[in-house]
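Trainee: Please walk me through this model with questions and answers. I like to know the terms before the details.

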Amino acid sequence: MTKPLKAISFVLVGLLAFSVSAVFAHHGNAAYDATKWITVKGTVTDYIWANPHVFVKLDGKDDSGNSGHWIVEGQNPVSMTQIGWTKNTFKPGDEVEIEAMPAKNGATIGFLGSASPTAPRKRIVINGKQFQP
Amino acid sequence: MAGIEAAGGFSEMSKSLAVSVVALLAGLTLSSALGAQTSASKAASQAAKPDKWNTIPPIKPFYAGKKSAPAPRRDLSGVWDAAEADGGRQPSGALEHPALIKPRGQGVEGGQPDETGIMHPLLYTPAGLEALKANKPSGPSVRQVPAASSNDPVSQCDPIGFPGMELYELRTIELVQNANQVIYLNQFYGNFRVIWTDGRELPKDPEPRWNGYSVGKWVDDYTFVIETVGLNPRSWLDHAGRPHSEDLRVEERFHRVDHDNMELTVTIIDPKFYAEPWQGLNKFPLHLQPADFDMQEFLCSPIDIEEYNKQVGNVVLAPSEKK
């Protein structure tokens, strides 16, 4: 996609996001493509440990080269503690590789899926050390 | 530290404790030999103190084959967990009647929002079906709508209410008994109920409450029955948006099976909306946690929800960018 088109569509997405009612959110899995997994590599810029969902913000790119501000989201904090996550799992500056389901609409957002301890867990590497599975 | 927390339970914790004590002694021996505290001994002395806060309950396989002491008489007290893998979370609706045409995980294609053909149908009255239509859930069920159209009040931090706290998402609860009450503390979105055991009758035509008005009594030494009325009809019964009228009566049966195990049965009695009573949970297993178990907090913040929507929720649901 050419740069001007990308800029325009980014603005349009922003406007649309603003106009959509702020009250709902809970999209569940439907917004993500559960049939493919991508790996996002980059540097953590922020880590939100809060309801409704824990999410990691990073500057980086996926395996298709889609680069920019990425977000990878999980479940709520209580569920994430079941699989060993804490409020300290990520820090700004961490170099990470995270496997996630991509957003169907092409946004640079991925989803980690279920936090059930019995569900298969995908690969997460933090500063060269494997954190998950 | 996380490993010790995640292990949870009885024998796992004492095993970890034994290892930690050995490590501590080894550390102390080493440090006295060196005449100073080395980093190894520092780590060992920290490992010796298991973290008692924000504990994580074990998952279902932990309980397999565990033996328990006999049930104490007329005693519900303690922290009780609905083990994750037992299905306390109920994202497709009340466990005994999920809004699914196939077992969970096998998809919802072919399902109808009026629940035609679900595995264990509910007998809605015409009024019940009408009320059902107004509720638009976003979780995985035949009733699922796109998130942008969902009006699930819990997604906006409205009180979960009762029996939603048992049929929408049941995680961990704490029961405390005193002379004339059972106090029920609920982890999911932090709420509580008081169940009166002083023999009072249920109120007639009370002002509706999200958590209702409850009275309870022992029907035998191991079975405690609670009746609840006066429930605010704004609350959903479950994740599939099942409705209830202001005339709803709920019966809970807490059956103390043995010291470590309880079974919970929840019956919905609402002739205005359902032609027959139905069970949301039937002998659902609850597992007693150790006496020092501290429940993690799980509260809903509208400010956090708005921030999440702005950064993630709304962005991921916007229509596709043309590429």
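Mentor: Helices (H or I, at least four residues) and strands (E, at least two) here are DSSP runs, numbered from the N terminus. This is a predicted model, in which local features need pLDDT of at least 70 and side-chain atom pairs count only at pLDDT 80 or more, while totals for chains, interfaces and linings use all residues. Residues are numbered from 1 along each chain as its sequence is written, and chains are lettered from A and ligands numbered from 1 in the order in which they are written.

Trainee: Where is A:P133 found?

Mentor: Start with its peptide bond: A:Q132 and A:P133 are joined in cis, with omega about 0°. As for its place, A:P133 sits in the segment after a strand of chain A, namely β7 (129-132).

Trainee: Which peptide bond in chain B is cis, with omega near 0°?

Mentor: Most peptide bonds are trans. The proline to look at, B:P163, is in the loop between α4 (126-134) and α5 of chain B. The cis bond, with omega near 0°, runs from B:F162 to B:P163.

Trainee: B:R74 and B:Q90 caught my eye. Is B:Q90 buried or exposed?

Mentor: Most residues other than glycine have a negative phi, yet phi is near 50° for B:R74, and near 50° for B:Q90 too. B:R74 is in the loop between α3 (39-47) and β1 of chain B, while B:Q90 is in the loop between β1 and α4. A residue is buried if 20 or more other C-beta atoms (placed from the backbone) lie within 10 Å of its own, exposed if 12 or fewer, and partly exposed in between. B:R74 has 13 such neighbours, so it counts as partly exposed, whereas B:Q90 has 24 and is therefore buried.

Trainee: How many strands run in the closed barrel of chain B?

Mentor: Chain B has 6 helices and 9 strands. Strands count as paired if DSSP finds at least two bridges between them. The closed barrel has mixed pairing and runs β1-β2-β3-β4-β5-β6-β7-β8-β9, so by that definition its strand count is 9.

Trainee: Over how many bridges do β7(B) and β8(B) pair?

Mentor: Look at the neighbouring pairs too: β6(B) and β7(B) are antiparallel over 6 bridges, with B:T228 opposite B:V250, and β8(B) and β9(B) are antiparallel over 7. β7(B) and β8(B) form a hairpin with 2 residues between them, and B:E252 stands opposite B:V266. Their own antiparallel bridge count is 9.

Trainee: Which residues of β8(B) point to one face and are buried?

Mentor: In a regular strand the side chains alternate between the two faces of the sheet. Along β8(B), B:N261, B:E263, B:T265, B:T267 and B:I269 point to the face that is not buried. The buried face belongs to B:M262, B:L264, B:V266 and B:I268.

Trainee: How many residues has the largest nonpolar core?

Mentor: A nonpolar core is a set of buried Ala, Val, Leu, Ile, Met, Phe, Trp, Tyr and Cys residues joined through C-beta atoms within 7 Å. Among those with the most contacts inside the largest one are B:Y168, B:L264, B:I268 and B:F284, and its residue count is 41.

Trainee: Which elements of chain B each supply at least two residues of this core?

Mentor: One helix is on the list, α5 (164-167). The rest are strands: β1 (78-81), β3 (181-186), β6 (223-229), β7 (249-258), β8 (261-269) and β9 (278-288).

Trainee: Leaving aside neighbours within four places in sequence, which residues is B:I268 in contact with?

Mentor: Contact means C-beta atoms, placed from the backbone, within 7 Å. For B:I268 the partners are B:L237, B:L248, B:V250, B:Y274, B:P277, B:W278 and B:G280.

Trainee: At which residue does α6(B) bend?

Mentor: Helix α6 covers residues 302-317 of chain B; a straight helix of 16 residues would span 22 Å (1.5 Å times one less than its number of residues), but α6 spans only 19 Å between its end C-alpha atoms. Bend here is the angle between axes fitted to the seven residues ending at a position and the seven starting there. In α6(B) that angle is about 60°, at B:N309.

Methods. Contact = placed C-beta atoms within 7 Å.
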